[in-house]
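Biologist: I've got a model open and I keep tripping over the vocabulary. Can we go through a few terms together?

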Amino acid sequence: MTSYEPAGAPGADLAYDAVVLAGGAARRLGGADKPGVRVGGRALLERVLAACADARTTVVVADPRPTARPVTWAREDPPGGGPLAALGAGLHPTTARDVLVLSADLPFLTADTVRRLLTALREAAAGTDGALLTDADGRDQPLVAAYRASALRRELTTLGAAHDGLTGLPLRRLTAGLHLTRVPDPVASFDCDTWDDIAAARARIREHGPVLDEWISAVKDELGIELDVDTGVLLDLARDAAHNVARPGAPLTTFLVGYAAAQAGGGPEAVAEAARKATALALAWPDEAAPDAKPGDTSGAQPGTDAG
């Protein structure tokens, strides 16, 4: 597999544009503002935009709203004309050979997913028009896909001429005319159509690796901290404190480590040293509760700890 290079690298064939469809009626959510629904502390639309942040041009088909990064706004005419009409409107500002097409309700989409789709398309057999994800049941997900822009324009033009426009046409009319390769991914293909889907995503995303990184970055931004530390060490310390001492010991211990590191002048080294001392103490702590432990017995203490 060839490696994917981000947009801006030499070679026009490495660039891609993205079209995000975010203007649906969300009827199964009671008409709620689905792109603005928050999962894991971030709006669904912002999660999708973060996943395709290296697109040369990102077009969002919806009424304009504030977003974390600049995008180009487009709207089908009339609004609410369905996914093919929205896709047609979103394609107009794009110029790249390859176009990523996404819905705005994909909480587990990541930049890695985008790279895999683009790589699958670029390594596919000649004549392949797109690469799309399939879900846990093997169903095609045409709104999590990378396409040749020329193939999309060709099929949309044909469909529009045959049906007096694209309004109301289902996506399957488009994909039926394309030669596609498929990339199984039951996680990244998960979309949020109902409130049950939202609830499931909110519960599941706590176990999704990137969420912790997003949270730590957000907290550091909020507090004005630029310090990079080994979060794995702190998580291990929290686990040891919770397991060997008491569950409330986890957050309190990590707080004290941070305070001690600040007292020592700050920096990753100070955090690491404070964490090392606290970890040794937490690991030695159960020895004090052993049935044969004697008053003043420090035989179970780890080097460098104070068991007094």
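Modeller: Sure, let's start with "buried": it means under 20% relative accessible area, with exposed over 50% and partly exposed in between (1.4 Å probe, protein chains only). Also, this is a predicted model, where local features need pLDDT of at least 70, side-chain atom pairs count only at pLDDT 80 or more, and totals for chains, interfaces and linings use all residues. Residues are numbered from 1 along each chain as its sequence is written, and side-chain values use heavy atoms, leaving out hydrogens and water.

Biologist: What makes helix H1 "mostly covered"?

Modeller: Seven of the eight residues in H1 (44–51) are buried. Among them are Leu-44, Glu-46 and Ala-51. Helices here are DSSP runs (H or I, at least four residues), numbered from the N terminus. Across the whole chain, 41% of the 308 residues are buried.

Biologist: Why is H2 called oblique to H4?

Modeller: H2 (83–91) and H4 (149–162) pack at about 130 degrees, their axes 11 Å apart. Under 35 degrees counts as roughly parallel, over 145 as roughly antiparallel, 65 to 115 as roughly perpendicular and the rest as oblique, so that angle makes H2 oblique to H4.

Biologist: Which residues of H2 and H4 meet?

Modeller: Contact means heavy atoms within 4.5 Å. In H2, Leu-84, Leu-87, Gly-88 and Leu-91 meet Leu-152, Arg-153, Leu-156 and Leu-159 in H4. That contact divides into six nonpolar residues, one polar and one charged. Gly counts as polar, Arg as charged and Leu as nonpolar.

Methods: Axes are lines fitted to C-alpha atoms, for helices over the stretch in contact, and angles run from 0 to 180 degrees between N-to-C directions. Helices (H or I, at least four residues) and strands (E, at least two) are DSSP runs, numbered from the N terminus.
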